[in-house]
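Trainee: Could you take me through one part of this model up close? I'd like the sheet and the helices that pack on it, with whatever background helps.

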Amino acid sequence: MKGAFLSGKHMKHMVVLLSIAGMLTPFKGTGCPSSVDARSRVQLSATKRNYSLNHVWDKLTLKNVPSGARISWSSSNKKVVRIREHIPNGIWYQVKRDGRATVTAIYKGKRYRCRIIVKRETDDAVATPTPTEGPLDTAEPEPTDRPVATVSPPSSTPAVTPGNGGEGHTPVPIASSSASPEQQLFDQKIAGFKTRYITEDMSDYDKVDAICRFISYEFDYDPHVAGWFAMVVGGAGDCMASRIGVNRLCTELGIPSFICSSLSDHGETMVRIGDDVYMTVTGFKGEKPRNYRLYRMSEAELEGYLSRYPASARVLGLAE
């Protein structure tokens, strides 16, 4: 039949074409896998993590998936590890206590696991990730979102003493060898803050920012707790407790600060950094992590606060 067989010339052309096609086809032999394939493989940012301190924040992401992919996240033991915030293709979680937990991500029916082990703090504790990379929302909130103090500060307050950093607040108790369990817990948490949030090479601005993060990321809002000590021990407090906390931690780090104690100044503490005065706003309503504000005060705003709080100029070192 005509066209049933190829001539010798046509056969040579066909062989050449098949050879070229073979060279263009990717080789699927048993050689080494392509580095591109390895980099593009769907995987978690970590499959195992160890911690030695509680109340640590850390991030986990599923790599090499489309932005905004539908991923289901879960923790096998919420008493040890609790998922706090969802971010694009990942989560922020918090280490709550010692124990074991597995964080699982499910994507397109396949499970990806990260095993987390939390041990009690020891002298040879493993390195703990710093929470300075925690979820930070620096956007200025609307006035209606600012914290509202529903509990007044104590009706009886001590007089202002030079260097106390604020009005009407007693110093933090000093721990002793016979300290109560509550005092020991307080001291442990404050020591943990200094270890995990503060470094020697930090500027004063970075230290104040770390203080605001510590208070906002590790404590919930509770309108019935107005004291700093009670907030640290119990894990929650109102905007008065938060502004006292900013003042107390600034004092420990050698940074001048002043508590704006009026109920209308929700969560506000003034801080002197170099030649400028900054306003910190902490104590927003809701569960951790919470928002906070840190900004340099304008001359007009500062003048208004200095007139309302005459003692603030002396405490902040602004008095002539």
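Mentor: Of the 320 residues in this protein, 41% are buried, and keep in mind that we're looking at a predicted model. There are eight helices and 14 strands to find your way through. As for contacts between residues at least 6 apart in sequence, 58% of them join residues at least 24 apart. The accessible surface is about 18300 Å², with 53% of that belonging to carbon and sulfur atoms.

Now to your sheet. It's an open one with four strands, ordered S11-S12-S13-S14, and the pairing is antiparallel. At the edges sit S11 (257–259) and S14 (293–296), each of which pairs on one side only. On average, neighbouring strands here are turned by 20° against each other, ignoring direction. Go to the S14 side and you'll find strand S13 (residues 276–281) joined to S14 by four bridges, in the antiparallel sense. A handy pair to click on there is Thr-280 and its bridge partner in S14, Leu-294.

Next, the helices on this sheet. H6 lies across S11, S12 and S13, and runs at about 160° to S11. Helix H7 (residues 299–308) packs on the sheet too, where it touches S12, S13 and S14. The direction of H7 makes about 115° with that of S12.

H6 and S12 also lead you into the largest nonpolar core, which has 34 residues. Helix H6 (239–252) and strand S12 (268–273) each give two or more residues to this core, and so do helices H3 (181–197), H4 (204–218) and H5 (228–234). H4 supplies the largest share, seven residues. Inside the core, Phe-214 and Trp-228 have the most contacts. Leaving out residues up to four places away in sequence, Phe-214 touches Lys-189, Phe-193, Tyr-197, Phe-219, Trp-228 and Leu-249. There's a second, separate core as well, with 22 residues, including Ile-71, Val-95, Ala-101 and Tyr-112.

Val-95 takes us to strand S6 (residues 90–95), where six of six residues are buried. Gly-90, Trp-92 and Gln-94 point one way from S6, while Ile-91, Tyr-93 and Val-95 point the other way, and all are buried. Strand S5 (residues 81–87) runs antiparallel to S6, and six bridges join the two. Ile-87 stands opposite Gly-90. The hairpin of S5 and S6 has two residues between the strands, and Asn-89 takes a positive phi near 60° there.

Methods. Residues numbered from 1 in each chain as written. Predicted model: local features only at pLDDT ≥ 70, side-chain atom pairs only at ≥ 80, totals over all residues. Heavy atoms only, no water. Core = buried A, V, L, I, M, F, W, Y, C linked by side-chain atoms within 4.5 Å. Buried < 20%, exposed > 50% of the residue type's maximum accessible area, 1.4 Å probe, protein only. Contact = heavy atoms within 4.5 Å. Pairing = 2+ DSSP bridges. Areas by Shrake-Rupley, 256 points an atom, 1.4 Å probe, with all protein chains shown as cover. Axes fitted to C-alpha atoms, helices over the stretch in contact; angles between N-to-C directions.
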